[in-house]
Amino acid sequence: MLKPVLTRTLPRLAMAAAASMLAPVALAALDIAIVGGRVVDPESGLDAARNVGIEDGRIVAVTTDPLEADRVIDASGRVVAPGFIDMHAHGQSILAGRMQAMDGVTTALDLEGGSLPIADFYARAGEEGRPINYGVSVNWAYARIAVFLDTQPEANAGWFFKYFHVPKWQREQADEQQLGDILSMVEEGLEEGGLGVGVLLGYAPDSGREEYYRVSELAARYGVPTYTHARYLSMIEPGSSFEGVAEIVAAAAGTGVHAHIVHLNSTSLREIDAIGGLIRGARERGLRVSTEAYPYGAGSTGIGAAMFRGPFWRERVGGASAASFEVDGKRLTEQELERLQRDNPGKEAVIHFLETDHAEDRAYLDQAVLFPGGVIASDAMGWMINGRPAPDSAWPAPAEARSHPRSAGAYSRFLRHYVREEGKLSLLEAIERVSYGPARILQDGVPQMRRKGRIQAGADADIVVFDLDTVTDNATYAEPAQTSSGFDYVLVGGVPLVDDGQLDTAVLPGRAVRNTGRDTPVPGAPMPGAPVPGAPEPGAPVPGADEKLK
């Protein structure tokens, strides 16, 4: 398709002629220029007024010089930052991606759970298209279900919840043959491009400790992380959250695997001091251990999960009552909780582990969200209407669609509360936690991430432009299907997905993040380290990084 550049053709020819008299310079038309914004790049420390040039899905210029382009976006008074990278996004659908795009997310990966078979997941997502970049780990629990129940895994969450009430795969130890079969299925998923191994230990708490060690050993051999939901959710020993995190740390020590601990806020409950100290100590001694949190006191999962069964489960999770559970925007009675756990154990419920209206619980949450070196990950869920997935064609999301509000507002909530209102983080520090931090955690095992989370020449043009003074979450527990405010532009691979605050439903620019072939390029993605002509590599010093926007 021809680009509307005629009005600029003669000036550009004149500039090229003048430049050619001085030096052999190749000038090309830019697709998009974002000008006049406060550009924030955590890796280099840049926080200053810059213009950003985009061509063919890549950033090709970050400069104080004027830029010409087919389209110019005026970012005056706005922040220009790397698109947010969500490591923990279960809602791998078009609707879920659109809701997250309105919250600044340009890459949403399901790493805690993941999928299986991996090839099936990517084939379906690629055929349907996605609004934002997508990818998954290999789901260990799917392999365990398949082996113990003699069935074939299906690459969708509905298949998993169908077996939620079956204790066999959750409670029995694998014999040597079963363990070998589980590991073979996981390894096949890694060969098909899975981004590591998602280990839902908390949903199969009686699986073997050696089994987890062997899974970690396999991930280490492939050079990819494990993303583990700790075995226990409890403030009481034995079987405490501390013990569950210690198991993850031990696996990292014994195998050398990069062990990522998911949702520190809900895993630690009110034991963040001890668990945080354990993680810090492990890292100080050279172990590759990372973690994440989301800025809510409530979690979400199936109401019949193993962690909500067994003796003293209420005391273990900090004194929960039926009113700690919320379904479809309503707190439950004891009779309703009992009925749902019996008759509909896979029903998604919101669980208020921490009541953040109370100062003490708010302080626990803040410790997890602000944990040194941690990142933000939403744990976003899919969108449901009357127990069925909401249609992807629906936009805006139907008011009756249900999910946890983090599925729509985690990132704007984080920026609003921790940067603008409370001032607990600088903007540069906050952007690191939502963009460069996740990319840095992943890039050794997922090479495509070396070009994400940065505003640098050569990086992917996944970019958000937002108003720090107005960015806010609007989703609530009672009415979750409300998009965030304040994001003017969200570009995915250089394509405006959110344009002047409105989502463009005509485009699906998301690309697969996948370790395809292990040693071969991902289609449409450069090989890691491939140079961009005339551009410095990501990570090179940025001139003028100390020039702050006035």
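Two strands are taken to pair if DSSP finds at least two bridges between them. Helices (H or I, at least four residues) and strands (E, at least two) are DSSP runs, numbered from the N terminus. The structure is a predicted model, in which local features need pLDDT of at least 70 and side-chain atom pairs count only at pLDDT 80 or more, whereas totals for chains, interfaces and linings use all residues. Residues are numbered from 1 along each chain as its sequence is written, and side-chain values use heavy atoms, with hydrogens and water left out.

We may begin with the strands towards the end of the numbering used here. In β23, Leu503 is the bridge partner of Val498. This pair belongs to the antiparallel arrangement of β22 and β23 (residues 502-503), which are joined by two bridges. The two strands form a hairpin with two residues between them, and Asp500 in the turn has a positive phi of about 55 degrees. On its other pairing, β22 (residues 495-499) is joined to β21 (residues 487-492) by four bridges, and the two run antiparallel. Within this pairing Leu491 stands opposite Pro496, while Val492 faces Val495. A hairpin links these strands too, again with two residues between them, and here Gly493 takes a positive phi near 60 degrees.

Strand β21 also pairs with β20 (residues 463-466), through four bridges and in antiparallel fashion. Phe466 stands opposite Phe487 in this pairing. What share of β21 is buried? Six of its six residues are, and the strand is mostly covered; buried here means under 20% relative accessible area, with exposed over 50% and partly exposed in between (1.4 Å probe, protein chains only).

Elsewhere, an open sheet of four antiparallel strands follows the order β13-β16-β14-β15. Its edges are β13 (298-302) and β15 (330-331); each has a single partner strand, so one side of each is left without a neighbour in the sheet. In general, strands of a sheet pair through backbone hydrogen bonds, either parallel or antiparallel. Inside this sheet, two bridges join β14 (residues 325-327) to β16 (residues 348-352), which run antiparallel, and Phe325 is set opposite Ile351 of β16.

Turning to the helices, α4 (residues 140-148) has nine of its nine residues buried, so the helix is largely enclosed by the rest of the structure. Among the buried residues are the aromatic-named positions Trp140, Tyr142 and Phe148, along with Arg144. The N-terminal end of α4 is capped by Asn139, with a side-chain oxygen 2.9 Å from the backbone nitrogen of Ala141. For such polar contacts, a pair of N or O atoms must lie within 3.5 Å; within protein, one must be able to donate a hydrogen and the other to accept it, and residues adjacent in sequence count only if both atoms are side-chain atoms. Just after α4, Asp150 adopts a positive phi of about 50 degrees. Two further helical residues are worth a look. Ser216 lies in α8 (residues 209-222) and, at 0% relative accessibility, counts as buried. Setting aside residues up to four places away in sequence, Ser216 touches Thr226, Ala251, Thr255 and Val257, where contact means heavy atoms within 4.5 Å. Asn265, in α10 (residues 264-268), is buried as well, with a relative accessible area of 5%. A polar atom of the Asn265 side chain lies 3.2 Å from the backbone oxygen of Tyr294. Beyond its neighbours within four places in sequence, Asn265 is in contact with Glu292, Ala293, Tyr294, Tyr296, Leu365 and Ala368.

Finally, the interior was searched for cavities. On a 1 Å grid over the protein atoms alone, a cavity is a set of points where a 1.4 Å probe fits but cannot get out, and lining residues have an atom within 4 Å of a point. Grid points are joined across faces, edges and corners, and a volume is the space filled by probe spheres set on the points. The count comes to three cavities of 30 Å³ or more, and the largest has a volume of about 70 Å³. Its lining includes Gly91, Gln92, Ser93, Arg130 and Tyr134. The elements giving two or more residues to this lining are α2 (94-101) and β8 (133-139), and α2 provides the largest share, three residues. The lining of the largest cavity divides into five nonpolar, six polar and one charged residue. In this grouping Ala, Val, Leu, Ile, Met, Phe, Trp, Tyr, Cys and Pro count as nonpolar, Asp, Glu, Lys and Arg as charged, and the others, Gly among them, as polar.

How values were computed:
On a 1 Å grid over the protein atoms alone, a cavity is a set of points where a 1.4 Å probe fits but cannot get out, and a pocket is an open set with protein on both sides within 12 Å along at least five of seven lines; lining residues have an atom within 4 Å of a point.
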